[in-house]
Amino acid sequence: MSVSMSTLPRAIETKGLTKTFGGLRAADALSIYFPSGVATGLIGPNGSGKTTLMNLLTGTLEPTEGSITISGKTFEVIEPDMLRDLKIARTFQDGRLVNQLSVEDNLLLAIASVGTRAGLGEIGIAGYGARVDAMLKKIHLEAHRGANAEDLSYGQRKLLELGRAIIQDADIYLLDEPFTGLFPAVVEQVAELLGELKRAGKTLVIIEHNIGLIRRLADNVIVLDHGQKLAAGVPEDVLKNKRVQEAYLGV
């Protein structure tokens, strides 16, 4: 991308964001930002604080110090029930599906406006049938709409997890290792889904260890190490950084 990242609006910005667990600083005074409308790869060694940061941004963890600004609104703490209003959707590395519900109902839950029981009753198939049908086709699970999530293969579960995020029509997508453990054909399916989000002008933050996928999908890269920002910028520059190569790439 020829546009400088620094000239773009900031979808998310942190200032002095810190999370401690006893004596461990999993996020250490992080002051970083994610530009709007582009894909940012969030990379770093295992234990560098990537998932901790994502948990802080989505209310799974509460910061020890610092602030988070999302679309111009600044918070000291993000609560999970704020994400819908903030137009944020998130996927988890380990998946957060409701195993005993069907594929279709898992998608419906993602767009229910209130709690689980009331939400399913409120929206029903009639209200959102076309939306669910389109998503089932997009994630290649049309033939499995009535199957319980627990009966899907690993790759199908990853697709359903991503479908649950996409169907929310958020502005910001936080994706924790969406490609991990996938066969090449499914990697391509996920890459195409993320490409569609990029083309629609969505903001993506992607935790990923595969540098080839980062080069392919990311316009911007942030590298974390020991809870601190090690480098940030366009992929070709960041991945040539000697400190990044030593800390992350092992060269």
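**Ring contacts, strand E4 and helix H5**

In this predicted model, a search for paired aromatic rings comes to a count of 0. With ring centres required to lie within 6.5 Å for a pair, attention turns to charged side chains instead. Lys19 sits over the face of Phe21, 5.4 Å from the ring centre. A second case involves Arg96, which lies over the face of Phe92 at 4.0 Å from the centre of that ring.

Strand E4, spanning residues 39-43, makes a good place to look at the sheet. Here 5 of the 5 residues are buried, so the strand is largely enclosed by the rest of the structure. In a regular strand, side chains alternate between the two faces of the sheet. In E4, Ala39, Gly41 and Ile43 point one way, while Thr40 and Leu42 point the other way, and all are buried.

The strand has partners in E9 and E10. With E9 (residues 203-207), E4 pairs in the parallel sense over 4 bridges, and Leu42 stands opposite Ile207 of that strand. With E10 (residues 220-225), E4 again runs parallel, joined by 4 bridges; there, Asn220 is the bridge partner of Thr40.

Helix H5 covers residues 184-199. At 1.5 Å a residue, its 16 residues should span 22 Å, and the end C-alpha atoms are 22 Å apart, which agrees. Buried positions in H5 include Val186, Val187, Val190 and Ala191, together with Leu193, Leu194, Gly195 and Leu197. After the helix comes Gly201, with a positive phi near 85°.

Methods. Residues are numbered from 1 along each chain as its sequence is written. This is a predicted model: local features need pLDDT of at least 70, side-chain atom pairs count only at pLDDT 80 or more; totals for chains, interfaces and linings use all residues. Side-chain values use heavy atoms; hydrogens and water are left out. Rings of Phe, Tyr and Trp (its six-membered ring) pair if their centres lie within 6.5 Å; planes under 30 degrees apart count as stacked, over 60 as edge-to-face and the rest as tilted. A charge sits over a ring if NZ of Lys or CZ of Arg is within 6 Å of the ring centre and within 35 degrees of the ring normal. Buried means under 20% relative accessible area, exposed over 50%, partly exposed in between (1.4 Å probe, protein chains only). Helices (H or I, at least four residues) and strands (E, at least two) are DSSP runs, numbered from the N terminus. Two strands pair if DSSP finds at least two bridges between them. The expected span of a helix is 1.5 Å times one less than its number of residues.
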